[in-house]
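Reader: Could you take me through how the helices pack against one another here, starting with a single pair? I would like a close look at that part, and then whatever connects to it.

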Amino acid sequence: MRDYNNNDQSHGDVPSPKTATNSIKKVSMLPLVFLIFYEVSGGPFGAEGIVNAAGPLLALLGFVIFPFIWCIPEALITAEMSTMFPVNGGFVVWVSSALGPFWGFQVGWMKWLCGVIDNALYPVLFLDYLKSAIPVLSTGLPRVASILILTLLLTYLNYRGLTIVGWTAVLMGVFSMLPFAVMSLISIPKLQPSRWLVMDIGDVNWNLYLNTLFWNLNYWDSVSTLAGEVANPKQTLPKALCYGVIFVALSNFLPILSGTGAIPLNRELWTDGYLAEVAGTIGGGWLSLWVQAAAATSNMGMFVAEMSSDSFQLLGMAELGMLPEAFSKASGVLLLSGLSFQEIVAAENMLYCGGMVLEFAALPYKIPVGAVGSVLICVPPVVLICLVVVLSTFKVAVVSFVMVMVGFVMKPCLDHMDRMRWVTFSVSCDLPEFQKESQEMEESLLR
């Protein structure tokens, strides 16, 4: 097995990230906030299902309470660990440092699956929002061609660099959120507060409720995978995450507040895309079209942000020697078949939960809040993770289990390929010393 102190030169060392990116402009605060916004949420698009599942009161309470039991703890952990390890790869590096490269690979595998599932969905959702205005995009060859062209264009945007992606996310985010700011203002004279209090605790779809909340308000740790590309990450990342939590929470809460308070409630109508109709009822056809265009734009923003995160995660795993060298320059898209959209979201959430459990286990309990504070931070999200898993369907559980097992088999296979020199692995000379110690520990267990 190679020496992680660079005594073995046959694999070809990856240039130091500090040296390789020295001439590349790093991502600043504002673009980073919008990248976080799109990695986590992208706005209230898709949040309509929470009103369908539980009614206005629980929907609004969800977007108030959930940030405290999930978003803030995860953002705090991400900020703390990203400042400890300001390198590409993020959570893969954290878990590897604490639990060894096997578990580091597993968290990378599960989170990468979540990312590529998302990226497979966004171009489709983009066309779904446009097909009412352009019917030819609904089926057949025009739809397939549009998905392919859109995917290639957005992939090329990522290829041009993270700085360009960041400022593109700023423009997309401003355009996507403005119509909801306008809708909130216009709705004020029409608001009836009594509509917000509607709740039927006996008629709540808890599975849909939790999965909708989870899908719209998670992925805070995604920004850690590109920490090496951030200007002054030890100061910029914590502030960006703080602003991101506020931005994401308000971008979901205010449209639901306006929509449920300004028009009579019909829970059955609150499905994906219904906010465009709500905007039309409140402000007219022009506002409805703006929301549709904003939804399509938001899907593009989520695609480019997610692809950036996935790409730098793979880069970090390649620099750790977990993946062949080719993965430092490549990404991929995974398509799931046989599942509905809600089942895909549920499977994605379960995989994400598995990764988060490993991240919580890797959290150093000597951080400023102390051991007790660290445990208290982790307890609410762990309880939520258990609820998501318990409420999942058998079909979703089986699909998620199979995906996890693939990762368990893949790591030993890649290690064998490395020992046999069938593929080229590289390790960045700029990575922390923990990698050598962790690899030697894993190797001793295999003997």
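Author: Happy to! In this predicted model, helix H4 passes helix H9 in a right-handed crossing. H4 covers residues 56-84 and H9 covers residues 206-217, and their axes come within 10 Å, crossing at roughly 55 degrees. An angle of that size falls outside the ranges for roughly parallel, perpendicular or antiparallel, so H4 and H9 are oblique to each other.

Now for the side of each helix that takes part. H4 brings Leu58, Ala59, Gly62, Phe63, Phe66, Trp70 and Cys71 to the contact, while H9 answers with Trp206, Tyr209, Leu213, Phe214 and Leu217. By class, this contact has 11 nonpolar residues, one polar and no charged. Gly62 is in the H4 part of that list, and Gly counts as polar in this scheme.

Follow the chain onward from H9 and you reach a charged pair. The structure holds four salt bridges, one of them between the side chains of Asp221 and Lys111, at 2.2 Å from N to O. Asp221 sits in the loop between H9 and H10, whereas Lys111 belongs to helix H6 (residues 101-130). The two are 110 residues apart, so this pair links distant parts of the chain. As background, side chains of opposite charge can pair when their charged atoms come close.

Beyond that loop comes H10, residues 233-262, which meets H8, residues 162-187. Their axes come within 9 Å and cross at roughly 40 degrees, and that makes H8 oblique to H10. The crossing of H8 and H10 is left-handed, whereas that of H4 and H9 is right-handed. On the H8 side you will find Met177, Phe180, Met183, Ser184 and Ser187; on the H10 side, Phe247, Ser251, Leu254, Pro255, Ser258 and Ala262. This contact divides into seven nonpolar, four polar and no charged residues.

For a contact that does include charged residues, try H2 (residues 29-40) and H12 (residues 285-319). Their axes are 8 Å apart and meet at an angle of about 100 degrees, and H2 and H12 are therefore roughly perpendicular to each other. Leu35, Tyr38 and Glu39 of H2 touch Ser298, Gly301, Met302, Ala305, Glu306 and Ser309 of H12. Here the classes are four nonpolar, three polar and two charged.

Finally, a word on the database record. An unreviewed UniProt entry lists several spans as "transmembrane region", including residues 27-47, 53-72, 165-186, 241-265 and 396-414. In the model, residues 27-47 are 57% helix and 0% strand, with end C-alpha atoms 29 Å apart. Residues 396-414, by contrast, are 100% helix and 0% strand, and their end C-alpha atoms lie 27 Å apart.

Note on methods: Residues numbered from 1 in each chain as written. Predicted model: local features only at pLDDT ≥ 70, side-chain atom pairs only at ≥ 80, totals over all residues. Heavy atoms only, no water. UniProt positions renumbered as here; feature names shortened; annotations may be inferred. Helix = DSSP H or I, 4+ residues; strand = E, 2+ residues; numbered from the N terminus. Axes fitted to C-alpha atoms, helices over the stretch in contact; angles between N-to-C directions. Parallel < 35°, antiparallel > 145°, perpendicular 65-115°, else oblique. Left-handed = near helix turned anticlockwise from the far one by under 90°. Contact = heavy atoms within 4.5 Å.
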